[in-house]
Amino acid sequence: MLHPFFLRACFLLVGMLGLSLAPALAQTPAAPADPKAAATAAPKRQLVALRIAQPIKLDGVLDEAAWREALPATDFIQNRPKPGPHEKHPTEVRVLYDDAAIYVGAIMHDVAADSIPRELTARDNTGNSDFIGIFLDTYHDQLNGYAFIVTSSGVQLDSRYSPAGGEDFNWNAVWESRTTLRGTDWVAEMRIPYSAIRFSTADVQHWGLNFMRQRKRDNAVYFWNEVKPQVDGFVNQWGDLTGVQGVKPPLRLSLTPYVSGYVNHNPLNAEGTKRTTTRFNGGADVKWGINESFTLDATLVPDFGQVQSDNQVLNLSPFEVQFNENRPFFTEGTELFNKGNLFYSRRVGATPVGFYEVKKGTNEIITSSPAETPLLNATKVSGRTSKGLGVGIFNALSNDTYATIRNTETGQERQVLTQPFSNYNIAVLDQSLKNNSYLSLINTNVTRAGSTYDANVTGGLFRFADKANRYAVDGRAIYSRRRGTNFGSTDQIDDQDGYKYRVGVGKISGSFTWNLSHFIESDTYNPNDLGILFGNNNITESLDLSYGKYQPFWKVNNLYVFGAVAHSLLYKPTVYQALNFYLGANTTFTKSFNQLGVDLNVDPVTHDFYEPRTATLGNYYVRVPENTRFAFFFNSDSRKPVALNWNVGFQSYGLDDRLARARRTGYSLGFYPRYRVNTHLTFRYSVDWSLRQNQIGYVNGGLDAAEPLDKPFAGQVLLGRRNVATVANVASVAYTFTNRMSFTLRLRHYTSNVRYLDFTTLGKNGEEQFAAYQRNRDNTYNAFNVDAVYSWWFAPGSQISVVWKNAGSTYLQANEATPQFFDNFNNTINTPHNNSLSVKVLYYLDYLTLRKGSGRVVTR
């Protein structure tokens with residue numbers, strides 16, 4: 001029987017959709033639309049680039065004669081909010097080239113200067129600005145491409161496009177641009193050196209090409225070659241660039257040396273050790289174009305101490321927390337290595353495998369134990385041939401890592417190995433095929449020195465789409481292999497061989513799309529040495545459906561509706577796990593550009609085999625009653641100085657009548673205001689609050705054999721009924737001095753409180769019995785971080801950065817734990833914090849610019 005809340009939510013959602021659709025259905029269109037034509041890519045336009053012999057002054061003026069001679073790309077077509085109409089305010093873009101670079105000159109006509117917003121932001125952020133961008137598919141495989149974008153305030157953005165990485169703004173190239181405001185128009189001029197892109201040695205080049213203009217005042221986006229939202233893919237909808245002839249890929253060789261200095265104060269260091277320390281680092285990043293297709297990227301003695309602090313959380317789940325990758329080397333140009341999701345880059349330079357196993361004896365203290373494994377170097381070789389074969393090789397080396405233990409009586413110190421010398425390697429082959437299709441082969445390998453284990457994962461992926469780009473089949477098969485003994489032990493690894501595979505088929509283009517898939521992960525599949533896994537041992541079938549109405553109707557610009565059904569079994573033994581239903585919708589209002597959406601999840605009774613934390617899955621599971629979750633979100637118009645986004649969620653569970661205890665419930669609220677004071681200064685704040693009442697879960701921390709109150713329950717699975725309240729606050733301010741200089745300050749406070757109400761022991765088949773467990777297991781976790789960053793790009797590719805980082809955390813247990821937010825905040829603030837101040841200077845040296853007489857461009 002369906003839960004009453006689910007029925008009410010369904011009626012509400014259907015009612016909302018009905019109200020939205022009724023006026024549209026009541027109207028009779030002048031001419032019926034052809035759904036097949038809408039789901040077919042637009043004809044490809046062509047633009048001829050003009051070769052130049054005289055230098056271009058990069059000043060955003062376009063007064064050279066060559067700009068008048070070149071043919072313009074114009075008559076852009078709107079993509080959103082209303083796909084199809086031609087632009088009313090013309091755009092003119094011209095392309096020139098010489099032996100060293102591609103030049104782009106663009107004039108964006110408008111009605112008045114105050115119609116052109118020009119917010120200053122950090123790189124790769126458009127903010128509240130207009131922009132113009134050029135897209136290049138230099139191998140014309142219709143799968144992979146580059147984007148170079150400049151905003152009306154002169155801020156640069158660049159990205160890569162690929163089937164694996166999608167739109168990747170982590171990639172950064174070294175190129176130049178200038179913008180000016182001239183009357184009612186704004187003008188952009190770009191110089192993209194050939195060293196920033198890769199292309200073949202053919203005498204006559206044939207590249208994919210598109211231009212994109214954003215006119216923020218209308219929240220409108222236009223493309224030169226029409227991009228239809230109903231058509232699957234993006235790069236395959238670009239036009240063609242012709243006329244580029246007689247250019248050769250240059251020698252791509254650059255060196256970016258760096259020097260950095262740190263002053264660190266840690267009041268929590270062990271007695272007898274320095275609380276304030278200093279260190280100086282030096283190293284370099286190297287880029288070398290091995291040939292026209294492949295590039296070697298290497299970082300020698302890398303320094304990642306200035307990256308943004310991780311958002312630490314209290315983890316009550318049986319799985320690890322996945323953190324974002326903030327290290328530039330591991331985010332730039334990694335689309336090939338992310339194929340198949342087998343690479344979790346945080347494994348490289350991660351916490352040593354023996355970090356938590358360091359044992360000290362009587363009268364001993366741990367004076368140091370690095371929480372991160374130091375890297376010696378990391379290298380990437382990647383590229384794509386003219387035949388569409390992508391090749392990627394990644395390799396990194398980490399050094400031995402030791403903990404230092406000191407005898408407090410004798411003063412003698414000894415070292416304990418926590419991470420052996422290790423080699424991390426990835427190899428990828430990715431063949432692009434016709435019709436937006438591909439075949440890929442990926443291998444990851446971790447080899448460790450000494451008597452421990454090594455790991456290897458090999459996977460194959462495929463995607464085949466029909467000629468009309470309307471239907472596709474895809475799949476993957478992956479095998480994991482581990483050999484050796486557990487670190488610090490003589491016990492053999494028990495998951496030596498494992499596999500997973502997935503096959504899917506679906507309709508990929510059109511207003512209505514669907515996908516049906518079958519997925520299996522064996523009970524011994526384990527890619528965790530260089531990847532990340534959230535529970536193996538399952539069989540899942542799923543059906544995903546989506547419908548998009550892209551043309552405005554009634555009072556909205558569009559409507560997107562999506563749903564999914566998934567059924568999951570445990571792989572070994574083959575028993576029921578879960579059945580999930582999902583329905584969601586979102587839309588944007590025509591005049592206000594406010595966006596709203598709803599999500600509805602319905603889950604019948606679920607058997608959670610992972611929560612008991614038993615060595616073998618199948619015998620024990622936590623029974624989760626049927627539940628319904630309803631969430632609603634609202635985003636206000638981002639063009640206004642004050643913007644407010646928020647969301648609210650409610651989750652209701654069925655009553656578990658096996659034991660006399662209260663019904664579970666869950667609540668969540670997110671509030672995200674933003675105030676843009678002017679084009680330079682912006683304040684942001686976010687707060688996320690959640691409360692889970694009467695949640696049943698494994699008692700975090702488990703049982704301790706040394707605790708007398710735990711001994712009667714040794715060998716049993718202990719569950720607790722608990723209330724969990726979590727609040728995360730983030731406040732930030734950004735001041736951008738120029739399009740090359742900025743300052744940001746980010747403060748985050750996180751607190752999570754766990755209050756246990758009663759306890760049960762878990763038996764087989766999900767049976768629970770109340771337990772007279774007396775130990776107080778309440779706990780509170782607090783984390784506080786400050787990241788202040790001043791950054792100045794004083795020359796192309798060259799930067800000075802000054803960073804101050806402050807970090808502190810507390811973990812309070814039993815009677816020390818407090819549910820009061822301000823008590824936790826004060827406790828966190830008053831706890832000794834680690835402080836770090838650093839300065840880093842890196843300077844970009846390009847071989848081509850160092851050659852005498854190589855420069856052809858004059859800049860102001």
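In the predicted model, strand E19 and strand E22 (residues 401-407) are joined by four bridges in the antiparallel sense. Within this pair, Ile365 has Arg406 of E22 as its bridge partner. The two strands belong to an open sheet of three strands, ordered E19-E22-E23, in which the pairing is antiparallel. Strand E19 (364-368) and strand E23 (413-419) each have a single partner strand and stand at the edges, so one side of each lacks a neighbour in the sheet. From one strand to the next, the twist averages 35°.

A second open sheet contains five strands in the order E2-E5-E6-E12-E11, and its pairing is mixed. Its edges are formed by strand E2 (50-51) and strand E11 (176-182), each of which pairs on one side only. Inside this sheet, strand E6 (residues 101-108) and strand E12 (residues 185-193) run antiparallel and share eight bridges. Ala106 is matched there with Ala188 of E12 as its bridge partner.

Further along the chain, a series of antiparallel pairings links strands E41, E43, E44 and E45. Strand E41 (residues 741-762) is paired with strand E43 (residues 779-795) through 14 bridges, and Phe743 has Tyr790 of E43 as its bridge partner. E43 is in turn joined by 15 bridges to strand E44 (residues 798-813), again in an antiparallel arrangement. Two bridge partnerships illustrate the E43 and E44 pairing: Tyr781 with Tyr811 of E44, and Asp787 with Lys805 of E44. E43 and E44 form a hairpin with two residues between the strands, where Gly797 takes a positive phi near 80°. On to strand E45 (residues 834-842), E44 pairs in the antiparallel sense over nine bridges. Lys805, the bridge partner of Asp787, also stands opposite Ser836 in E45. In a regular strand, side chains alternate between the two faces of the sheet.

Two individual residues were examined for their surroundings. Trp224 lies in the loop between strand E14 (220-223) and strand E15 (239-242). Its relative accessible area is 3%, below the 20% limit, so Trp224 counts as buried. Beyond its neighbours within four places in sequence, Trp224 is in contact with Arg45, Gln46 and Leu47, with Ala73, Thr74, Asp75 and Phe76, with Leu209, Asn210 and Phe211, and with Gly239 and Asp240. Of these contacts, Arg45 is 179 residues from Trp224 along the chain, yet their C-alpha atoms are separated by 8.1 Å.

Thr665 is found in strand E38 (residues 665-676). With a relative accessible area of 13%, Thr665 is also under the 20% limit and is therefore buried. When residues up to four places away in sequence are not counted, Thr665 touches Gln651, Tyr653, Leu691, Arg692 and Gln693.

At the level of the whole chain, the protein has five helices and 47 strands. The C-alpha trace spans about 90 × 75 × 50 Å along its principal axes. For 860 residues, a compact globule would have a radius of gyration near 29 Å, and the value for the protein, 29 Å, agrees with this. Buried residues account for 49% of the 860 residues. Among contacts with a separation of 6 or more, 65% are between residues 24 or more positions apart. The exposed area of the protein is about 39100 Å², of which carbon and sulfur atoms supply 57%.

The mean pLDDT of the protein is 90, and 94% of its residues reach 70 or more. Two stretches fall outside this range. Over residues 1-32, pLDDT stays under 50, and the model has 30 contacts beyond four places in sequence for them. Over residues 853-860, pLDDT likewise stays under 50, with 24 contacts beyond four places in sequence. Where pLDDT is low, the predicted coordinates should not be read in detail.

Note on methods: Residues numbered from 1 in each chain as written. Heavy atoms only, no water. Pairing = 2+ DSSP bridges. Axes fitted to C-alpha atoms, helices over the stretch in contact; angles between N-to-C directions. pLDDT = per-residue confidence, 0-100. Contact = heavy atoms within 4.5 Å. Buried < 20%, exposed > 50% of the residue type's maximum accessible area, 1.4 Å probe, protein only. Rg over C-alpha atoms; globule rule 2.2 N^0.38 Å. Areas by Shrake-Rupley, 256 points an atom, 1.4 Å probe, with all protein chains shown as cover.
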